[in-house]
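Biologist: Could you walk me through this one slowly? I would like to hear the reasoning behind each label.

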Amino acid sequence: MRSYLQILAASCVIVTLLAAQSATASTAAAKASKPDGKLIELDEDNWQLMLNGEWMIEFFAPWCPACKNLAPVWERYANTAKDVNVNVAKIDVTTSPSLSGRFFVTALPTIYHVKDGEFRQYRGARDAEALLYFLKKKSWQAIEPLSSWKKPDTIHMSLLSYFFKLSHTLKDFNARLQEEYGLPTWGSYALFAIATIFVGAALGLMLVCIVDFVYPPKKSPRQSFSESQDNLAKGVEDLATEEIEDDEDDNAAEEEDGNSDDDAEEDQEEEDEEEQETKEETGDKVQAEKKSEKINSRAADDAPEVADKPSTEQVRKRKPRKAD
């Protein structure tokens with residue numbers, strides 16, 4: 001019962017703190033939504049103020065020449081934009097690198113128009129008149145807003161912002177190693193390489209531990225040394241038995257293949273003998289026919305000769321008798 005009351009009290013405290021924080025944030029947003037003609041500086045802590053109302057945001061860097069030229073124009077623009085109820089702000093990418101990752105800033109200066117969570121990049125002229133005309137005529141309506149997967153307030157863009165922040169932190173750390181500790185460039189690179197290897201190994205080990213925790217391996221009963229030796233011997237015997245069976249199966253298969261080959265050869269020989277007998281019978285018939293044809297032709301040739309030759313009796317009859 002006592003632990004239940006403690007949990008209830010802790011939950012009440014947490015709810016109260018969250019409510020107070022949300023009230024503070026809403027109050028700050030309400031104040032920021034009312035332009036007062038001053039240039040607002042946004043950073044990684046208060047950048048969400050731009051999600052309420054209408055804003056013009058400039059991303060700049062102190063070392064950028066074009067940003068230095070735009071600075072006085074942007075100051076005057078903040079004073080005149082209050083007439084159209086628009087907040088004007090600037091973000092330093094050197095002190096807020098995660099915001100350059102959220103908005104995927106690749107060139108400086110970069111200007112965004114933000115209205116009620118819709119983000120549009122301004123690509124027009126960078127003088128006060130053109131900027132004010134852009135707001136009064138609502139030219140931003142003709143610009144297509146950023147797609148949902150490019151919006152800075154999405155989860156994946158938040159992850160990208162952390163990578164930008166990490167790279168900026170590592171860059172500053174490298175500079176400190178070279179300036180304060182006199183570490184050479186190759187030494188800093190070697191240090192980062194070693195750190196990368198160890199971090200990768202740690203992440204891999206952590207991933208393996210997580211997988212083992214989520215999918216624990218099956219526990220096998222522990223065996224003594226004698227039992228393990230017996231199991232090993234049984235395994236060897238089983239393996240030998242399997243090899244013998246495989247050899248017997250191979251021999252039987254080879255014998256079957258040999259028998260089938262012999263049967264096929266015998267069948268082929270029988271077929272060849274039958275074909276040979278058929279050819280011999282056919283040849284005998286052809287020779288007999290040829291002989292009969294020759295005999296008939298000879299008989300036909302001899303018949304006219306006998307018919308044309310006169311008989312001896314006819315010759316005798318034709319001889320004239322001698323006169324008396």
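Modeller: Happy to! Keep in mind that this is a predicted model. Let's begin with α2, which has a kink of about 35° at A71, shortly before the proline P72.

Biologist: How do you know that there is a kink at A71 in α2?

Modeller: One axis is fitted to the seven residues ending at a residue and another to the seven starting there, and the angle between them is the bend. At A71 that gives about 35°.

Biologist: What is the span of α2, and what is expected?

Modeller: Helix α2 covers residues 65-80, and its 16 residues reach 24 Å from the first C-alpha to the last. At 1.5 Å a residue, 22 Å is expected, so by the rule of 1.5 Å times one less than the number of residues, the value is close to expectation.

Biologist: Which residues of α2 are buried, and what covers them?

Modeller: The buried ones are C67, L70, V73, W74, Y77 and A78. Their cover includes β2 (54-60), β3 (87-92), β4 (110-115) and α4 (128-136). Helix α2 lies across β2, β3 and β4, and runs at about 160° to β2. As for α4, this helix packs on the sheet and touches β2, β4 and β5, with its direction at about 145° to that of β2.

Biologist: Why is W140 called buried?

Modeller: Buried means under 20% relative accessible area. W140 has 8% relative accessibility, so W140 counts as buried.

Biologist: Where does W140 lie, and what does W140 touch?

Modeller: W140 sits in the loop between α4 and α5 (155-179). Leaving out residues up to four places away in sequence, W140 touches E54, H113, K115, R120 and F134. Take K115: the two are 25 residues apart in sequence, and their C-alpha atoms are 9.7 Å apart in space.

Biologist: What makes β1 and β5 the edges of the sheet?

Modeller: The open sheet has 5 strands in the order β1-β3-β2-β4-β5, with mixed pairing. Strands β1 (40-42) and β5 each have a single partner strand, so one side of each has no neighbour in the sheet. From one strand to the next, the twist averages 30°.

Biologist: How do you know that β2 and β4 pair, and in which sense do they run?

Modeller: Two strands count as paired if there are at least two bridges between them. β2 and β4 are joined by 6 bridges, so they meet that cut-off, and they run antiparallel. Here E54 stands opposite K115 in β4. β4 is also antiparallel to β5 (residues 118-122), through 5 bridges, and V114 stands opposite F119 in β5. By contrast, β1 and β3 pair in the parallel sense over 3 bridges, with I91 in β3 as the bridge partner of L42.

Biologist: What makes D116 stand out in the hairpin of β4 and β5?

Modeller: That hairpin has 2 residues between its strands, and D116 takes a positive phi near 50°.

Biologist: Which residues touch the most other members of the largest nonpolar core?

Modeller: They are L42, M50, W55, I57 and F59, in a core of 20 residues. Two or more residues come from each of β2, β3 and β4, and β2 gives the most, with 4. Beyond four places in sequence, the contacts of M50 are L42, W55, I57, I91, F103, V114 and F119. A second, separate core has 17 residues, among them Y77, A81, L131 and F134.

Conventions:
Residues numbered from 1 in each chain as written. Predicted model: local features only at pLDDT ≥ 70, side-chain atom pairs only at ≥ 80, totals over all residues. Heavy atoms only, no water. Buried < 20%, exposed > 50% of the residue type's maximum accessible area, 1.4 Å probe, protein only. Contact = heavy atoms within 4.5 Å. Core = buried A, V, L, I, M, F, W, Y, C linked by side-chain atoms within 4.5 Å. Axes fitted to C-alpha atoms, helices over the stretch in contact; angles between N-to-C directions.
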